[in-house]
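Me: Before I use any of these labels in my own work, I would like to see how each one is justified. Could you take me through the reasoning, value against definition?

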Amino acid sequence: MNFMKRGILGITRKKGKSLILLAVIFILGNLISGAISIQQATGNVEKTIKERLGTAATVDLDHDTLNNMPEDEWMDFEPEELGVNLIKQIGDLPYVKYYDYSMEQWMGSESIEPYQGEEMDEDFMMDEEDEIPFQLKGINYAPIIDLEEGKATLTDGRVFTDEEIENGTAVAVISENLAAENNLEVGDTFTLVNNVYSYDYDTDEEDIVASRDVVLEVIGLFDPKSVTQESDEDSESNMMFMMEDPYYQNTMYVPNEIVIDETNYNWEETLKADDELAAMMKEEGEDASFEYYEPIYYLNNPEDIEPFREEVLPLLPELYTVISATDQYERISGPMESMSKLAKYVLIVAVAATILITGLVVLLFLRDRKRELGIYLSLGEKRSKVIGQILIEVMVVAVVGITLSLFSGNLLAGQVSDTIMNSDDSNQSEYYEGVYYPELESELTTEDVMDSYEVNLDASYVLGFYGIGLLTILISTVIPLIYIVRLNPKKILM
Amino acid sequence: MILEAKDLNYYYQDGEQRRYILKDTSISFEKGKFYTILGQSGSGKTTLLSLLSALDSPHSGEILFNDEDIKKIGYEKYRRNNIGIIFQSYNLIPTFTAVENVLVPMTITENEIPSDKETVAYNLLDYIGIVKNKADRLVNKLSGGEQQRVAIARALATNVELILADEPTGNLDEEMEQEIIDIFKRLAHEHGKCVIVVTHSNEIAVQSDQAFRLKKGVLSSYE
Ligand SMILES: Nc1ncnc2c1ncn2[C@@H]1O[C@H](COP(=O)(O)OP(=O)(O)O)[C@@H](O)[C@H]1O
Ligand SMILES: [Mg+2]
């Protein structure tokens, strides 16, 4: 008849009260388990979607804040430049797997033709008159991040060496299709033209005022197709990639120094040709550098984004901010966020209610039994063991109640979230007004988010619910236990 | 001396005044004797017994069990290992059977108990007059006299030498009362226990080996 056995007898000999307690815990347990189910499900969605969104991040002016600035303030605002030093400093943070900061430049060519795509509709055809169809993408990270990230695969040749990057050697990695189109192989050279245009605002005419050739050697070929593999089932997003395809096919990776050189040449010649513009630039006191970088950072894990953001923000000049690929989650998460929030509130309320109600019910039952408890104390039982007995009684019933509600609450959560998601489908706007960062964008949509939502009965939910449930019940016994500690057996028994 | 109380003082604060229930009370008890403490209602009998059974502590004075201060032993420990208490209102656990009630202190005490506790409990109950089929009944299905016997068996279950009883026959009729008193006599005289009973009944007092009278907080010998 030790305290554990007494606890078990306490349950079986007072079936009515045990059942009442069981019912209370079961009902409240359903709320808790339902809320946890939904939380877990939304949490999983966030995790998987963010994983799919990737770990890319950049720093840029905070366009949201800029757009909301009063106009006079906005006019006076002169953004500070992101220096290469700062970009590198950020890149050296431990969260960063690799990073790059590229300049881009569009160029034309007389010796090679752009790749037009195979069996494309008219709509997708590139503008015949496009005189600068080739995009040069400056590279500082020799292995080329796009290849590392699987946006393309290297099919022939090699990537850059560090020396080539440093010296701005005239080499390029171009797409397989572009090479085939022009009978180019690794080791061949080709020529691009850097044309400097002047623009006449009155006549709306463009003139070539200067021009120089850029001769590049092909050192590697890439195939961008691998990107679409991930989204094979989704025909809609395949289309999107086909649309982007020609641009990427005509993109050339070159050492960034080359792009800097060509950009500087272009600007200098433009200013020579345009006195007005030159005068204006002088007045404004702009230095002669036209380097402008959009850095791109790839972090080790999606979870690193928040700590990365926290460390980077203080380093940035005024009005700059960190933009990450996972920011897109907020835009496509749809009803997921509101459901997650709702579940959180339900959970808090349910836990509070459980602590209060279970605590009061147990207290009420204990008051009925104070003579029994007094007897144990008069027989010299330690208060800790009396408390232990009551804890056993409550916890055994709680485990049964919680186990029952584990399943029913999970089931309930599935039903409830189906209803919420179906009712919230309608007002989804796919349109996003904001700055578009191609490096950070993914083809994921709200639909993908919804599709990956699933109320599961997995180990983490089971453990989470048992943990929270039992802890809640344990806390709810605090008030009754204080009551036991204060019991005076003399007053009760004599 | 198995139990000795020295200069006990116990009072209730009545405004500025202290109303003494026990004033410099000293008393001592030996093994093998059946004692009664006689007093009218409100004279402080329960108070005295609660002090002797360590359910309450005096404002001053000390209580020695086998020459050791029970404070030093520890009240809880003293209760679980050294004494058996019997109350006027039985104080059994209503959801337990008679034998289960007797088993409870056996698992609480640190005293040596034969390993077959259940047999011990049945034998004890049998000795006190509760046969097997009654021993397996829930105690609230037993008569008052039977319940008090179960309570006595419970007090004896931990194999203690000191039994303290607060008006143990207060709720019983005369016939029952005499049977309970006979049990107490047997425990003292045949088993060498020290039995201390507080009562307002003269009939009980005259049957004891030694009787005290408690009046206005003062103890005196009663002849
Ligand atoms: N909590 C209390 N406050 C004040 N006086 C009390 C309290 N409890 C008991 N008393 C008084 O103490 C006296 C002794 O009580 P008690 O020991 O129970 O007497 P008895 O058991 O002999 O009837 C009584 O006069 C009673 O009124
Ligand atoms: Mg009394």
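Reply: Let us begin with the term on which much depends: a residue is called buried when its relative accessible area is under 20%, exposed when that area is over 50%, and partly exposed in between. The model is a predicted one, and the values discussed here are computed from it.

Me: What makes both faces of strand β6 of chain B covered?

Reply: In a regular strand the side chains alternate between the two faces of the sheet. In β6 (residues 83-86) of chain B, I83(B) and I85(B) lie on one side and G84(B) and I86(B) on the other, and all of these are buried, so that each is under the 20% limit and both faces count as covered.

Me: How do you know that β6(B) is paired with strand β7 of chain B, and in which sense do they run?

Reply: Two strands pair if at least two bridges are found between them, and four bridges join β6(B) to β7 (residues 162-166) of chain B, the two running parallel. At the level of residues, I83(B) has L162(B) in β7(B) as its bridge partner.

Me: Why are β2 and β5 of chain B called edge strands?

Reply: The open sheet in question has four strands in the order β2-β1-β4-β5 of chain B, with antiparallel pairing. Both β2 (17-29) and β5 (68-69) pair on one side only, and they are therefore called its edge strands. Strand β1 (residues 3-14) of chain B pairs with β2(B) in the antiparallel sense over nine bridges, and within β2(B) it is R18(B) that stands opposite Q13(B).

Me: What makes D67(B) stand out, and is this residue buried or exposed?

Reply: Most residues other than glycine have a negative phi. D67(B) is not a glycine, yet has a positive phi of about 70°; this residue sits in the loop between β4 (60-65) and β5 of chain B. With a relative accessibility of 61%, which is over the 50% limit, D67(B) counts as exposed.

Me: Where is L319(A), which also has a positive phi, and why is this residue called buried?

Reply: L319(A) has a positive phi of about 70° although it is not a glycine, and its place is the loop between α12 (305-312) and β11 (320-324) of chain A. Its relative accessible area is 16%, which is under 20%, and L319(A) is therefore buried.

Me: Why is I479(A) called partly exposed?

Reply: The relative accessibility of I479(A) is 41%, a value that is neither under 20% nor over 50%, so the residue falls in the class between these limits. I479(A) belongs to helix α19 (residues 478-485) of chain A, and its C-alpha is 6.4 Å from that of G359(A), although the two are 120 residues apart in sequence.

Me: How do you know that helix α15 and strand β9 of chain A are mostly covered?

Reply: For α15 (residues 370-378) of chain A, seven of the nine residues are buried, namely E372(A), L373(A), G374(A), I375(A), Y376(A), L377(A) and S378(A). The helix is followed by G380(A), whose phi is positive, near 90°. For β9 (residues 251-255) of chain A, five of five residues are buried; this strand is joined by five bridges to β4 (residues 134-139) of chain A, running parallel, and K137(A) has Y253(A) in β9(A) as its bridge partner.

Me: What makes chain B as compact as a globular protein of its length?

Reply: Chain B comes to nine helices and ten strands. Its radius of gyration is 17 Å, close to the 17 Å that the globule rule gives for 223 residues, and the chain is therefore as compact as a globular protein of that length. Along its principal axes the C-alpha trace spans about 55 × 40 × 35 Å, and buried residues make up 56% of the chain.

Me: What share of the contacts in each chain joins residues at least 24 apart?

Reply: Among contacts between residues at least 6 apart in sequence, 71% in chain B join residues at least 24 apart, and in chain A that share is 84%. Chain A has 20 helices and eleven strands, with buried residues making up 48% of its 494 residues.

Notes:
Residues numbered from 1 in each chain as written. Chains lettered and ligands numbered in written order. Predicted model: local features only at pLDDT ≥ 70, side-chain atom pairs only at ≥ 80, totals over all residues. Heavy atoms only, no water. Rg over C-alpha atoms; globule rule 2.2 N^0.38 Å. Buried < 20%, exposed > 50% of the residue type's maximum accessible area, 1.4 Å probe, protein only. Contact = heavy atoms within 4.5 Å.
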